[in-house]
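Please open the model in your viewer and keep the selection panel at hand. The tour below suggests what to select at each stop and then says what is there.

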Amino acid sequence: MKFLWLAWKDLLLIARDKKAFLTLILMPLLLIAILGSALGNMMKEDEDISIKKFTLGVVNLDQGQLSKVLTEEVFSKSLSKQIQVKYYQEDELNKKIKDHKLTVGIIIQDDFTASLMSGEETKVKLLSVPDTVINATIVQNVIEQFSRSIPIEAVVSQMAQPVQTGNQGGIMQEGYGKKPLLNETTIDAKTKPVSSFQYYAAAMGVMFLLMTVVQGVSTMILEKEQDVFNRLLLTNLTYPNYLLGKMLGLMIICLLQVFIIIVGTSLIFGVDWGSSVSGIVIMTFAFVVNASGLGVLAGSFIKTEKSFNVAGMFGTQIMAALGGSMVPLYVFPNWVVFITKFLPNGLALQTYLDLMSGATVSKILPAIAGSIGLGLFFFAIGLIRLSWERRGKYA
Amino acid sequence: MNMLTVQDLRKIFGKFEAVKGVSFAVEKGESYGLLGPNGAGKSTTINMITGLFPPTSGEIHIKDIDVVKNQKQAQKWIGVVPQEIALYQSMSARENLKFWGRMYDLSGSALEKSVDQVLEIIGLSERAKDKVETFSGGMKRRVNIGAAILHKPELLIMDEPTVGIDPQSRNHILETVKRLNNEGMTIIYTSHYMEEVEYLCERIGIVDHGELIASGTLSELRETIGDHSKIILAMDKERFNPEQITESLTTFFSDKDFQIQDQQVMVFHKEPQLILTDFIQSVTKTGAKITSVDIVEPNLESVFLHLTGRNLRD
């Protein structure tokens with residue numbers, strides 16, 4: 001139980017350290033204010049500014065007329081000032097979207113015309129990348145509008161010329177108009193686009209937590225320099241107890257800070273962290289375990305505060321940059337995004353974005369397990385390092 | 001019964017041999033001093049005894065417990081006062097003591113009682129609620145000692161506990177150590193202040209360059225230099241001529257019996273009052289002007305000088 005007293009002592013010291021307390025409490029609040037003033041304006045601009053022309057990727061599996069009308073007449077001609085249409089194979093489009101080479105794409109199913117004409121359900125698959133909510137919304141609205149106008153258009157067309165549908169006989173069946181003629185789906189039917197504000201609230205949040213970990217670890221190293229660590233080792237305290245106490249103290253501080261950031265951005269700026277409260281809570285805990293584990297690992301290796309200050313500063317900046325806290329993750333190639341999942345902040349940010357997009361706990365379970373697993377792995381390495389250090393050459 | 005037994009203790013860091021086969025034993029209730037200049041190997045020896053790091057070779061037993069093999073078991077019997085102030089500065093004296101008490105498995109009323117007793121012993125009951133960072137160096141040193149005796153150890157190991165403090169605090173600490181020893185606590189006291197070791201310790205080990213070069217009671221150590229006192233004449237710089245003084249002194253004394261250092265001339269003799277007049281006349285006839293005369297009884301400083309050819313604080 002000595003680790004509990006060690007953690008309590010660390011919390012007491014942090015509470016009395018004005019500089020650390022400011023970093024913990026005031027800086028996140030300041031961050032929220034900066035986000036509010038900077039990104040808040042950006043969000044307003046997002047709503048008001050004229051839309052830049054963008055490319056819509058199209059996979060047309062349908063041989064009927066209506067898909068041609070939608071793509072050629074509606075998107076290519078009527079919306080030519082806003083949209084440029086390019087045609088792809090399905091795999092090619094998926095890859096383009098995945099690589100963020102395209103922001104929006106649609107896949108028109110082979111029964112598109114027939115289903116519309118017969119009043120049955122059909123699907124246009126809408127693919128989009130996060131943070132391009134406006135482009136996706138435009139495409140979605142155009143398709144919805146098109147589907148609603150089909151009954152009229154179809155009748156007019158039928159009267160003017162035969163429509164090739166595969167069901168030449170029937171124009172409309174009974175019940176037409178009672179059912180929706182068209183269902184759009186995005187990549188995931190439950191996925192919601194993530195706004196800039198949401199993205200940076202999460203990105204800055206994870207970056208600040210890294211800074212808090214650095215702050216906590218520097219006190220751990222200071223203990224080594226001031227002989228307090230040696231004195232602790234001369235008591236009945238064991239290495240596992242020592243490291244557990246350090247990690248627990250760090251985790252409590254980090255949890256407090258993340259709580260302030262999440263609640264602060266939610267209440268003050270209405271940032272939507274997703275509908276899964278349990279997902280946010282569990283992922284936050286997992287992230288804190290991961291980051292704290294990495295922290296105590298660093299603390300077990302580094303002996304002087306001077307060398308840690310350099311390593312801590314560079315390490316935090318590099319991790320923040322790679323983890324997506326400075327520039328959005330989608331500008332990185334896929335393999336970089338994958339690798340950043342091994343960074344506590346990278347994995348946490350990607351999972352927070354998933355939660356904001358509507359993911360449930362079950363979907364983020366691998367991320368939770370990975371995060372906690374990495375944290376425990378870091379802890380174990382730190383423990384081995386401390387034990388080895390004593391047996392070896394400590395002077 | 002031995003409280004501590006150290007046998008052929010060695011510690012090598014890379015190519016540097018910090019401790020070279022040190023052996024000594026301390027009996028229960030005894031106060032043992034380790035005297036030596038800075039860098040002599042005292043702290044390294046202490047760190048191995050406390051189990052902070054393992055020896056390269058050799059054996060350490062506290063009571064019958066092998067410190068190398070059963071470090072945590074042995075540490076229950078010892079309290080360690082480190083050379084540095086190893087306390088949390090933004091916590092009060094009481095908070096510090098309570099924290100360290102908990103690290104020694106104390107809790108509840110036993111912890112409260114022990115903290116109160118220790119605060120009384122170190123004379124800080126009235127400042128118990130003040131943060132350590134507001135204390136003077138001497139007061140911090142007292143809390144540093146307090147944190148080591150909360151669990152009532154049988155062996156108290158103190159590594160230079162009076163470095164850099166005022167005389168009043170130093171006296172208080174020395175009295176505290178004396179009191180603890182009188183109450184039955186075994187003490188190992190390292191210092192490069194010979195007067196502290198002389199005052200506190202029944203037996204003394206002199207350490208230099210990683211070796212224990214002498215060990216015994218104060219009188220036993222004095223005997224190694226033949227119980228000679230030292231007469232020191234301090235000179236005025238302007239008319240000080242070492243060659244002429246050497247020539248003059250050799251008419252009365254052998255080369256071994258006198259030393260000239262800086263503007264001081266020293267003569268060693270069992271009965272200094274018998275040679276004082278001749279000594280002064282020999283020096284003054286060279287034209288030198290004497291500014292002070294001092295007669296020093298044989299002490300650890302002269303023992304160390306005799307054994308190593310250097311002063312303790314060189």
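Which residues in H4(B) are buried? Before answering, keep in mind that this is a predicted model. Select helix H4 of chain B, residues 108-121, which has 14 residues and reaches 20 Å from its first C-alpha to its last, close to the 20 Å expected at 1.5 Å a residue. Now colour Ser114(B), Val115(B), Val118(B) and Leu119(B), which are the buried residues of this helix. Because they cover an arc of only 135° around the axis, they sit on the same side of H4(B). This fits a general rule: an α-helix has 3.6 residues a turn, so residues three or four places apart point the same way.

Next, add helix H3 (93-103) and helix H5 (137-149) of chain B to the view, since the buried residues of H4(B) pack against these two. Then turn to the face of H4(B) that points away from the buried side, where you will find the exposed residues Ser109(B), Lys113(B) and Glu120(B). Just after the helix, select Gly123(B), which takes a positive phi of about 70°.

**Two loops in chain B**

Two further residues are worth selecting for their backbone angles. In the loop between strand S7 (155-159) and helix H6 (167-182) of chain B you will find Glu160(B), which has a positive phi of about 45° although it is not a glycine. Is Glu160(B) buried or exposed? Glu160(B) counts as buried because 21 other C-beta atoms lie within 10 Å, and the cut-off for buried is 20 or more.

Move on to the loop between strand S12 (258-261) and strand S13 (264-269) of chain B, where Asp262(B) is found. Asp262(B) is not a glycine either, and its phi is also positive, near 50°. Asp262(B), however, counts as exposed, because it has 10 C-beta neighbours inside 10 Å.

Zoom out to see chain B as a whole, and colour it by its domain assignment, which gives domain 1 (2-223) and domain 2 (229-297). The C-alpha centres of these two domains of chain B lie 41 Å apart.

**Chain A and the cores**

Now show chain A, which has 14 helices and five strands. Of its 395 residues, 41% count as buried. The largest nonpolar core has 143 residues, and those with the most contacts inside it include Leu210(A), Cys254(A), Met283(A), Leu150(B) and Ile187(B). Helix H7 of chain A, residues 196-225, gives the most to this core, with 17 residues. A second, separate core has 23 residues, among them Leu56(A), Ile106(A), Ile107(A) and Ile143(A).

For a closer view of one core residue, select Met283(A) and look for the residues it touches, including Ala348(A), Tyr352(A), Leu355(A) and Ile368(A), with residues up to four places away in sequence left out of the count.

**Where the chains touch**

For the last stop, display both chains together: the contact takes 23 residues from chain A and 20 residues from chain B. On the side of chain A that touches chain B, the elements giving two or more residues are helix H1 (2-16), helix H8 (228-233) and helix H14 (361-391) of chain A. H1(A) supplies the largest share of that side, six residues. If you colour the side of chain A that touches chain B by class, you should find ten nonpolar, four polar and nine charged residues.

Conventions:
Residues numbered from 1 in each chain as written. Chains lettered and ligands numbered in written order. Predicted model: local features only at pLDDT ≥ 70, side-chain atom pairs only at ≥ 80, totals over all residues. Core = buried A, V, L, I, M, F, W, Y, C linked by C-beta atoms within 7 Å. Buried ≥ 20, exposed ≤ 12 C-beta atoms within 10 Å, placed from the backbone. Helix = DSSP H or I, 4+ residues; strand = E, 2+ residues; numbered from the N terminus. Contact = placed C-beta atoms within 7 Å. Expected span 1.5 Å × (residues − 1). Arc of directions from axis to C-beta. Nonpolar A, V, L, I, M, F, W, Y, C, P; charged D, E, K, R; others polar. Domains from an automatic or database assignment.
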